[in-house]
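Trainee: Got a minute to go through a model with me?
Mentor: Sure, put it up and ask away.

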Amino acid sequence: MSARRANVVARRWIYVPRVRPLDGTIGLAVFAVDARPEMTEQAPIARAFRAAIEEAVRFMGATAPNPPVGCAILDRHGAILTVAAHHRAGSPHAEALALRRCAEQGLMARAAIAVVTLEPCNHTGRTGPCSEAILASPIRTVWVGAADPNPRVAGGGIARLRAGGCAVQVLDHDMEAAAACRALIAPFGLWSRTGLPWLTVKQAVDAAGGMIPPAGRHTFTSDAALTLAHRLRRATDAIVTGSGTVLADRPGLDVRRVADHAGRAPRLLVVCDRRGRVPADWRAHAAARGFDVRICQDIARLPELLGAAGVLWALVEAGPGLLTALRATGLWNDWLTIGVGPGGTERLDPAVRVGTDTPLRLFPELAPRLAAAEERACFPAS
Ligand SMILES: NC(=O)C1=CN([C@@H]2O[C@H](COP(=O)(O)OP(=O)(O)OC[C@H]3O[C@@H](n4cnc5c(N)ncnc54)[C@H](OP(=O)(O)O)[C@@H]3O)[C@@H](O)[C@H]2O)C=CC1
Ligand SMILES: Nc1c(N[C@@H]2O[C@H](COP(=O)(O)O)[C@@H](O)[C@H]2O)[nH]c(=O)[nH]c1=O
């Protein structure tokens with residue numbers, strides 16, 4: 001990798017550890033992020049944002065209809081006292097959990113700075129307002145990664161914190177941590193503005209441009225690419241497939257290569273099927289694996305169906321029949337192609353809509369490639 005390329009990555013991407021890079025090139029890019037010299041001045045805040053983002057990423061796929069949020073609490077010297085994330089709707093918000101942990105560990109007197117990936121809430125929903133919880137603590141400096149995109153609550157938390165005497169700093173939009181914070185809430189932002197989910201299509205293509213696996217197999221991509229697919233399944237709230245895939249593969253579509261969220265609520269598995277061809281015994285098996293199987297007879301209504309069920313981010317894993325129809329509708333947000341070339345070489349080609357803060361940013365395997373695509377401004381038409 002050239003030094004120029006490494007710098008591009010270093011400017012834009014954040015390292016989320018615990019995930020295996022697909023090859024050495026990506027590992028080097030990740031190292032370049034860690035070596036950024038310009039982090040020095042605000043190093044404790046940058047470090048805290050990394051920790052908060054990393055913790056929030058762990059709960060992507062578990063929080064819907066709430067967004068994933070992470071929070072770090074620091075002492076006045078910038079040492080991290082605790083890091084927490086929102087686990088699921090109805091459980092404490094990230095800030096509340098971080099404050100509770102601080103108190104439990106006898107660290108509250110030292111709490112001075114909160115670093116939060118999303119603007120603290122100022123309303124009572126399933127839990128109380130985080131702005132008030134922060135104001136009731138010794139914290140008087142709050143760093144916010146992204147403003148709340150929910151039109152019903154936007155701005156309220158920051159205004160309340162400022163009125164209560166906190167210095168609130170919203171990350172500059174150029175900072176890599178800010179991009180990661182926006183990517184974390186991109187599906188939530190879309191859903192809270194429109195009621196529609198973020199749709200990511202994942203497609204494996206062989207050297208001849210085909211999608212059909214060799215006889216006797218369901219997949220033909222590498223172990224690393226399959227693991228990425230399972231990580232995407234884990235991070236999303238619903239899976240979409242087509243009746244052709246169900247009939248050909250009787251697919252599991254569950255999370256197996258990485259640990260799934262503990263105690264995950266049944267999640268939607270939508271099968272596009274106009275002719276009623278989905279076998280009842282496969283539906284029963286899917287239900288036994290924790291899926292709530294629904295049938296969609298009109299692809300144009302797929303986003304509506306998912307959004308109404310509180311799905312923020314959905315992953316489409318379907319065959320050529322459904323993907324051709326979906327591509328034509330334009331009802332998708334990211335289109336990730338995993339291309340297997342001659343000799344088993346593999347290429348990841350993530351296509352995102354211009355100007356979007358795709359949640360795929362949070363997958364380090366994809367981050368350098370997304371950055372390269374952005375540089376070339378190489379996007380498919382809507
Ligand atoms: N390489 C890869 O990434 C993947 C490959 N595959 C492979 O693909 C093959 C299956 O492909 P395919 O048969 O095309 O199956 P699909 O999974 O694409 O399902 C096709 C079905 O989707 C339904 N459908 C199509 N358009 C619409 C629409 N507008 N609204 C509602 N439903 C719609 C149709 O149902 P109806 O007939 O009722 O109209 C159609 O039969 C398998 O061999 C599988 O292994 C599968 C997934 C991923
Ligand atoms: N062929 C293909 C994929 N295909 C998708 O994976 C499904 C099998 O999932 P499971 O039954 O859970 O193992 C299959 O039916 C289809 O939806 N995925 C990939 O990552 N790479 C591949 O080469």
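Mentor: Let's talk through the sheet and then the surroundings of a ligand, keeping in mind that this is a predicted model.

Trainee: OK, what's the strand order in the open sheet?
Mentor: It runs S9-S8-S7-S10-S6-S11-S12, so to speak 7 strands with mixed pairing. The edge strands are S9 (291–296) and S12, each pairing on one side only. From one strand to the next, the twist averages 20°.

Trainee: And which strands does H8 touch?
Mentor: H8 packs on the sheet and touches S6, S7 (238–242), S10 (313–316), S11 and S12. The direction of H8 makes about 165° with that of S6.

Trainee: Back to S11 for a sec. Do S6 and S11 run parallel or antiparallel?
Mentor: Parallel, with 6 bridges joining S6 (residues 198–205) to S11 (residues 334–340). Gln203, for instance, has Thr337 as its bridge partner in S11.

Trainee: How many bridges join S11 to S12, then?
Mentor: There are 7, and that pair is antiparallel. Asp334 is partnered with Val352 in S12, and Val340 with Glu346.

Trainee: What about the hairpin of S11 and S12, which residue takes a positive phi there?
Mentor: Gly343, near 75°, in a hairpin with 5 residues between the strands.

Trainee: Switching topic: which residues come nearest to ligand 2?
Mentor: Of the 16 around ligand 2, Ala204, Thr219, Asp249, Pro251 and Gly252. The shell divides into 8 nonpolar, 6 polar and 2 charged residues.

Trainee: Where does the largest share of that shell come from?
Mentor: From H8, with 3 residues. H8 (223–235) and H9 (243–249) each supply at least two.

How values were computed: Residues numbered from 1 in each chain as written. Chains lettered and ligands numbered in written order. Predicted model: local features only at pLDDT ≥ 70, side-chain atom pairs only at ≥ 80, totals over all residues. Near = placed C-beta within 6 Å. Helix = DSSP H or I, 4+ residues; strand = E, 2+ residues; numbered from the N terminus. Nonpolar A, V, L, I, M, F, W, Y, C, P; charged D, E, K, R; others polar. Pairing = 2+ DSSP bridges. Axes fitted to C-alpha atoms, helices over the stretch in contact; angles between N-to-C directions. Contact = placed C-beta atoms within 7 Å.
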